[in-house]
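Visitor: Could you take me through one part of this structure closely, beginning with the open space that a small molecule might be compared against on screen, and then going on to whatever surrounds it? I would like one connected account.

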Amino acid sequence: MPQLAAFPKAFMQQLCKDGTMHISEWIELATKLDIDGLEWYAGFLEMENEANWPLFRQQVEAHGKAIPMMCCSPDFTHPDAGFRANEIVKQKRWIDMTYALGGSYCRVLSGQRRPELSIEEGISLAAECISACLPYAQERGIILIIENHYKDDFWTYPEFAQKMDVFCKLVDRIDHPNFGVNYDPSNTYLAGEDPLELLYRVSHRVVTMHASDRYLLEGTIEDLRREEGGAAGYAKRLSHGEIGKGLNDYDAIFTELKRVGFDGWISIEDGVDGMAQLERSVAFLRKKMAEYWPES
């Protein structure tokens, strides 16, 4: 049966930018939930000090939880070779961070969709950089997971491999036992595409999942796509919402994941309206997981 984790989507500014929340505070909040683990973010301010890494692992494990997944955002499509080399160094440090925390999965991305970049150039650059990290990950027993991503909170441009065809080409370019897909159904809507179509194309490569739900505050997906580039953060007309109340069809998603034998981690990206919302999303997913994996 898949296991359930949670990600502090509501507290990214506090944990990563202004320091008004400490990781230990998030641990205390999250470990009260009916979850099995906490997904980590490499950009937490307190993670800069490597001496903290084993301490946070101990805090989480003391509550009987794990830290299975690391969320980080390498930018492998930058035109400068020196910049890309430095991103590989950063990714290897994040792999070390994942290992120190007892995790098994470390995210990779393609990079930002810079206007001057062709599709083939971007795929080649991203595949080359990810491939350069894979032996390092394999030595430490870490699986690199590429997400069908929309946009890092702190990026200017959207994800280079945001579009389904580009994402699938990049995934197909890399064949390695320590490489797989982190599927996020919500992000597909931002490309104006069908999350189920993407899932059917990559389900055999999916090893982890981000569970979220999205809804538009106003306007249409087309409005959102016109506005998505050129500003840091997410487009304002889009909102994360309570899981099970938005656009995603979790029955169809779990039917396909069950069909291909998925038994990895599902991490919740929710709670932007408070911990009560996150608790409801946990309850929804626990119920759905029990329906589709009843033998466990």
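Guide: In this predicted model, the second largest pocket has a volume of about 220 Å³. Its lining is made up of 14 residues, and those lying nearest the centre of the pocket are S73, K90, W94, D152 and W155. Helix α4, which spans residues 81-100, supplies the largest share of that lining, namely 4 residues. Sorted by class, the lining of this second largest pocket consists of 7 nonpolar, 3 polar and 4 charged residues.

From the open pocket we can turn to the enclosed spaces, of which there are 2 cavities of 30 Å³ or more. The largest cavity holds about 110 Å³ of space, and 16 residues line it, with K9, R107, H149, D153 and E269 lying nearest its centre. The lining of the largest cavity divides into 9 charged, 5 nonpolar and 2 polar residues. The second largest cavity holds about 40 Å³, and its walls are formed by N148, H149, Q162, N187, T188, E193 and L198. By class, the lining of this second largest cavity has 5 polar residues, 1 nonpolar and 1 charged. H149 is thus named twice, since this residue lies among those nearest the centre of the largest cavity and also belongs to the lining of the second largest cavity.

The sheet comes next. It is an open sheet of 9 strands with parallel pairing, and the strands follow one another in the order β2-β1-β11-β8-β7-β6-β5-β4-β3. At its edges are β2 (37-38) and β3 (40-41), each of which pairs on one side only. The edge strand β3 pairs with β4 (residues 69-71) in the parallel sense over 2 bridges, and within this pairing the bridge partner of W40 is M70 in β4.

Helix α10 links this sheet to the helices. With residues 250-259, α10 lies across three strands, β7 (179-183), β8 (206-211) and β11 (265-269), and runs at about 165 degrees to β8. Helix α10 also packs with helix α8 (residues 195-202), at an angle of about 5 degrees and with the two axes 10 Å apart. An angle under 35 degrees counts as roughly parallel, and α8 and α10 are therefore roughly parallel to each other. In this contact, L196, L199 and Y200 of α8 meet A252, I253, E256 and L257 of α10. Taken by class, the contact of α8 with α10 has 6 nonpolar residues, 1 charged residue and no polar ones.

Definitions and conventions. Residues numbered from 1 in each chain as written. Predicted model: local features only at pLDDT ≥ 70, side-chain atom pairs only at ≥ 80, totals over all residues. Heavy atoms only, no water. Pairing = 2+ DSSP bridges. Contact = heavy atoms within 4.5 Å. Axes fitted to C-alpha atoms, helices over the stretch in contact; angles between N-to-C directions. 1 Å grid on protein atoms, 1.4 Å probe; cavity = no way out; pocket = protein on both sides within 12 Å on 5 of 7 lines; lining within 4 Å. Points joined across faces, edges and corners; volume = space filled by probe spheres on them. Nonpolar A, V, L, I, M, F, W, Y, C, P; charged D, E, K, R; others polar. Parallel < 35°, antiparallel > 145°, perpendicular 65-115°, else oblique.
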